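Me: Let's walk through this one together. I'll fire off short questions, and you talk me through the reasoning.

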Amino acid sequence: MLDFNQRIVAPSLLAADWSRLGEECHRAIAAGGDWLHLDIMDGHFVDNISFGPNFVKHVRNTVADAYLDTHLMIERPDQYVTEFIEAGSSNITIHIEPEYDVEATITKIKESGISAGLALNPATPLKLAEPFLKKIDILLIMTVVPGFGGQNFMEEETMPKVAQAKKIRADKNLNFHIEVDGGITPETASIAAKHGANILVSGTGTFKADEMAVSIKELRES
Ligand code: DX5
Ligand code: ZN
């Protein structure tokens, strides 16, 4: 049985210094990061390009035992998911908004033996995700419009969805974690956790903090 009260802090490598990627991965884990979050952006689904499967593979080779939480912000997850599985992802989260077969892609991820997540942009209603909730391990409620780090947490647009997802999970006896991503600080983490989120992604708040271990502890205890 999954423990939805277990707080998981996932530093996002988007905010790391990529010229020292290996050291940055080890630094995040030594500072108490539970997972490493990898933001894949294709310049189509979002207005930014980040990195691809080779980057994930490099991270996997650097930290063999780390849990790699891959977040695909791309237009055709169905076409690229196999590459991200083979690169060593522990979880792959796909967005619901683009036009492709979401159900078949979740099935493909699950059949490879790793966990599957489904992500919703701030403007996307939770209702669209309902048909998939019984198949997924993680529901990612984006708390900013995806594409860039360092944006502000969108409380009003997103917290009702977190609370609603928690209620549906209890009512239907389902088994997914609720993850939030974007603008997460100790203050906003506490708001998100109160509504029902237990996985906290943070880029700026971890890699760019003065003391990463202190900020991860604050996120965990917020
Ligand atoms: C948003 C990305 C986030 C981002 C979070 O497009 O999906 O994971 O890295 O960054 P911060 O914590 O800086 O808001
Ligand atoms: Zn992300």
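Me: Starting with Phe-55, is it buried or exposed?
Reply: The cut-offs are under 20% relative accessible area for buried and over 50% for exposed, with partly exposed in between (1.4 Å probe, protein chains only). Phe-55 comes out at 14% relative accessibility, so it counts as buried.

Me: Ground rules: this is a predicted model, where local features need pLDDT of at least 70 and side-chain atom pairs pLDDT 80 or more, while totals for chains, interfaces and linings use all residues. Residues are numbered from 1 along each chain as its sequence is written, chains are lettered from A and ligands numbered from 1 in the order written, and side-chain values use heavy atoms, with hydrogens and water left out. So how far is Phe-55 from Trp-18 in space?
Reply: Phe-55 sits in helix H2, residues 53–62 (helices, at least four residues, and strands, at least two, are DSSP runs numbered from the N terminus). Along the sequence, Phe-55 and Trp-18 are 37 residues apart. In space, C-alpha to C-alpha, that pair is separated by 9.8 Å.

Me: Which residues coordinate the zinc ion (ligand 2)?
Reply: Donors here are N, O and S atoms within 2.8 Å of the metal (3.2 Å for Na, K and Ca), and water is not among the atoms, so sites may look incomplete. Two of the residues bind through histidine nitrogens, NE2 and ND1, and two through aspartate OD, at 2.0 to 2.3 Å. They are His-37, Asp-39, His-71 and Asp-181.

Me: How many residues apart are Asp-39 and Asp-181?
Reply: The donor residues follow the spacing H-x1-D-x31-H-x109-D. Asp-39 is in strand E2 (residues 35–41) and Asp-181 in strand E7 (residues 177–181), so to speak two distant parts of the chain linked by one pair, 142 residues apart.

Me: Are those two aspartates, Asp-39 and Asp-181, buried or exposed?
Reply: Asp-39 has 5% relative accessibility, which puts it among the buried residues. Asp-181, at 7%, also counts as buried.

Me: Which residues lie closest to the centre of the largest pocket?
Reply: A pocket is an open set of points on a 1 Å grid where a 1.4 Å probe fits, with protein on both sides within 12 Å along at least five of seven lines; lining residues have an atom within 4 Å of a point. The largest pocket holds about 440 Å³. Of its 30 lining residues, the closest to the centre are Gly-149, Gly-150, Gly-183, Gly-203 and Thr-204.

Me: Which elements supply at least two residues each to that lining of the largest pocket?
Reply: By class, the lining has twelve nonpolar, 15 polar and three charged residues. Strands and a helix each chip in at least two: E2, strand E3 (67–73), strand E8 (199–202) and helix H7 (204–207).

Me: How much space lies in the second largest pocket?
Reply: Its lining includes Asp-3, Arg-7, Lys-166 and Arg-169. The lining residues divide into three nonpolar, three polar and four charged. The space comes to about 180 Å³.

Me: What is the phi of Asn-173?
Reply: Asn-173 lies in the loop between helix H5 (155–172) and E7, and at 63% relative accessibility it counts as exposed. Most residues other than glycine have a negative phi. Asn-173 instead has a positive one, near 55°.

Me: What share of the chain's residues count as buried?
Reply: The chain has eight helices and eight strands. Its C-alpha atoms fill a box of roughly 40 × 35 × 35 Å along the principal axes. Of the 222 residues, the buried share is 55%.

Definitions and conventions: Grid points are joined across faces, edges and corners, and a volume is the space filled by probe spheres set on the points. Ala, Val, Leu, Ile, Met, Phe, Trp, Tyr, Cys and Pro count as nonpolar, Asp, Glu, Lys and Arg as charged, and the others, Gly among them, as polar.
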